[in-house]
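This report introduces a structure to a reader who has not met it before. Please look at the sequence and the model first.

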Amino acid sequence: MAVSDIAASDIVETVPSALIVLDRNLNITSANRAFYQMFRTSADETEGCLIYDLGNRQWDIPALRTLLESVIPHRASVEGFEVEHDFPTIGRRTMLVNARKIFRPGDHDGFILLAIEDVSEERAARKESKRNWQLTQSIVDTIRDPLVVLENDMTIVTASKAFLTMFGITAAETHGRRVSELGQHQWDVPALRHLLEKVLPENKPIEGFEIEDDFPGLGRRVFNLNARKVSQPGNNAHRMLLVFEDITDRKQRERDALSLTNEISHRIKNNLQVIVGLIAYEAKWTAAPCVQGYKVMQARIGAIAQLYDLISQSSRGRTVAVDSYLREIAKALSASLIGNMSGIDIEVKGEPLEIDPDRAVPFGLLVNELATNAIKHAFPHGTGHIMLCVEQVGDQIELVVADDGVGMKDTGSAKVSEKRGSDYVAIFVRQLGGTIVPSKRELTGTTVRIRLPLLLVPPGGAERVAA
Amino acid sequence: MAVILIVEDEVFIRETAEMMIQDSGHHTLSASDVNEALSFLRSSQHIDALFTDIYLKTLFLGGCDLARQAIKLRPKLRVLYTTGNYVNDKMKALFVEGTQCLPKPYTQYQLQGCLAALLAA
């Protein structure tokens with residue numbers, strides 16, 4: 001069947017728009033099904049009725065009167081005439097009315113065809129969207145940090161007052177331009193451009209991208225850039241919020257603090273080096289049996305120095321990462337394993353646990369003592385494996401120092417140096433409020449387990465510092 | 001037996017480093033700053049390795065600059081850094097490729113071990 005074969009009445013009944021036909025006196029001659037459904041009325045209540053009287057005079061709308069009585073008589077058609085009205089049957093609605101004069105052969109008065117489309121939801125969404133953007137603009141202008149809103153193509157839609165003031169430009173100079181084109185192209189950085197291009201398509205925010213440069217009228221400045229996607233409700237268009245945080249002063253304070261830390265660290269480490277050097281000098285001229293004692297003393301100083309590195313990278317209140325600390329101790333001990341001990345390797349297995357700096361010194365010395373004991377006694381042939389392990393067991397931290405060496409001999413008469421080493425272990429465990437877990441005597445190797453309270457971590461949790 | 005150029009601005013530390021290196025059978029040359037070290041490096045003196053502190057007097061990264069100049073003058077020179085400062089990635093990026101850093105305080109055993117590995121490489 002061709003389109004021309006379809007009766008006009010079928011089309012009228014099928015279209016979703018409400019249609020009514022008025023005669024020259026504005027009486028309704030007919031309406032389609034969509035009209036009756038939209039306005040919850042029937043053909044009996046409608047046909048022959050003056051449009052203004054329809055449905056308890058709910059169509060007696062000043063705007064409609066203007067259309068029908070003032071506009072239509074002078075024009076053949078009107079499109080997109082918007083009528084907003086409270087209809088008793090369907091509530092407040094916005095209707096888009098298209099009107100057209102229709103003449104039949106021999107009929108000079110003609111009829112008026114009104115096509116009515118309910119655009120209430122679309123208009124409400126548009127209003128909501130407008131309100132949202134007005135709100136966005138207000139927020140944009142209220143935020144003290146300079147910021148811009150970017151379109152999909154990276155051009156600026158709007159810039160905050162703070163942005164315009166800080167960079168000494170006008171809104172007109174920013175609108176429609178790319179960020180990379182602003183000023184003296186300070187923001188034209190390939191890495192930034194690359195990140196910005198991912199914000200919208202991949203919903204990948206930018207956090208803390210730092211740019212340091214000379215800005216006209218501002219001098220040397222450091223900015224922290226943050227960007228994220230913003231969406232409008234009811235609208236598929238996405239935009240990007242790009243915030244410029246001026247961190248120049250904070251950066252300078254950090255640099256001053258780092259410089260001071262480096263200076264202090266340099267002096268402390270040099271003083272420790274002098275002490276280690278003095279011990280090395282003494283060891284050179286002392287009898288062989290005493291050399292081991294000096295060597296152990298140097299290792300203890302080394303353990304405290306490594307801890308200092310970790311603490312110096314932190315600020316007050318932060319904690320020390322136990323796993324990183326173990327690795328540093330292992331690294332230093334391994335570096336000492338030369339000559340006939342070079343076949344000993346030290347492995348670290350550590351969960352990411354933390355201790356506060358005050359308790360880290362006895363903890364580090366404890367690990368150093370146990371590992372040194374293993375190096376000294378477990379491997380008479382200079383080959384073997386030592387494991388330093390720390391993990392959380394219930395509400396405790398378990399430190400395990402294990403070796404695959406010859407195991408402990410039950411001689412009952414330990415040397416003075418060994419006795420002193422175990423005394424130190426006992427002191428450090430007591431200081432940390434822990435206990436030594438008794439272990440079975442094994443055929444090969446030695447395993448020392450020490451349980452320490454989890455309260456080694458200061459209450460409230462603190463920022464972790466890794467090596 | 002190798003010749004090691006030690007660059008350290010603290011007299012006592014430099015002299016104990018000399019002792020530690022000499023005890024392992026090597027010869028030492030000593031400098032207290034960059035200019036003194038460059039005089040040795042520009043001379044015809046045979047030098048196998050440079051052992052330099054990074055923070056030299058007022059130069060925070062003086063040892064790093066020295067090592068770069070040293071490698072330009074003597075491309076086959078081995079380099080071992082030492083420092084009392086925390087070695088961060090920024091600092092590591094300034095190191096000559098294939099070099100090591102021995103943190104302070106170092107013992108005679110650690111220094112001797114590092115030099116042995118460096119010279120054997």
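The text below covers the chain contact, the nonpolar core and a group of paired strands.

This is a predicted model, in which local features need pLDDT of at least 70 and side-chain atom pairs count only at pLDDT 80 or more, while totals for chains, interfaces and linings use all residues. Residues are numbered from 1 along each chain as its sequence is written, and chains are lettered from A and ligands numbered from 1 in the order in which they are written.

Chain A gives 25 residues to the contact and chain B gives 21 residues (two residues are in contact if their C-beta atoms, placed from the backbone, lie within 7 Å). On the side of chain B that touches chain A, α5(B) gives the most, with seven residues. That side divides into ten nonpolar, eight polar and three charged residues (Asp, Glu, Lys and Arg count as charged; Ala, Val, Leu, Ile, Met, Phe, Trp, Tyr, Cys and Pro as nonpolar; the others, Gly among them, as polar).

Leaving aside neighbours within four places in sequence, A:I329 is in contact with residues including A:V367 and A:A371.

Strand β14 of chain A pairs with two strands (helices, H or I, have at least four residues and strands, E, at least two, as DSSP runs numbered from the N terminus; strands pair if DSSP finds at least two bridges between them).

| Strands of chain A | Sense | Bridges |
|---|---|---|
| β12 (residues 343–350) and β14 (residues 383–393) | parallel | eight bridges |
| β14 and β15 (residues 396–403) | antiparallel | eight bridges |

A:E347 stands opposite A:M387 in β14(A), and A:E391 has A:E398 in β15(A) as its bridge partner.
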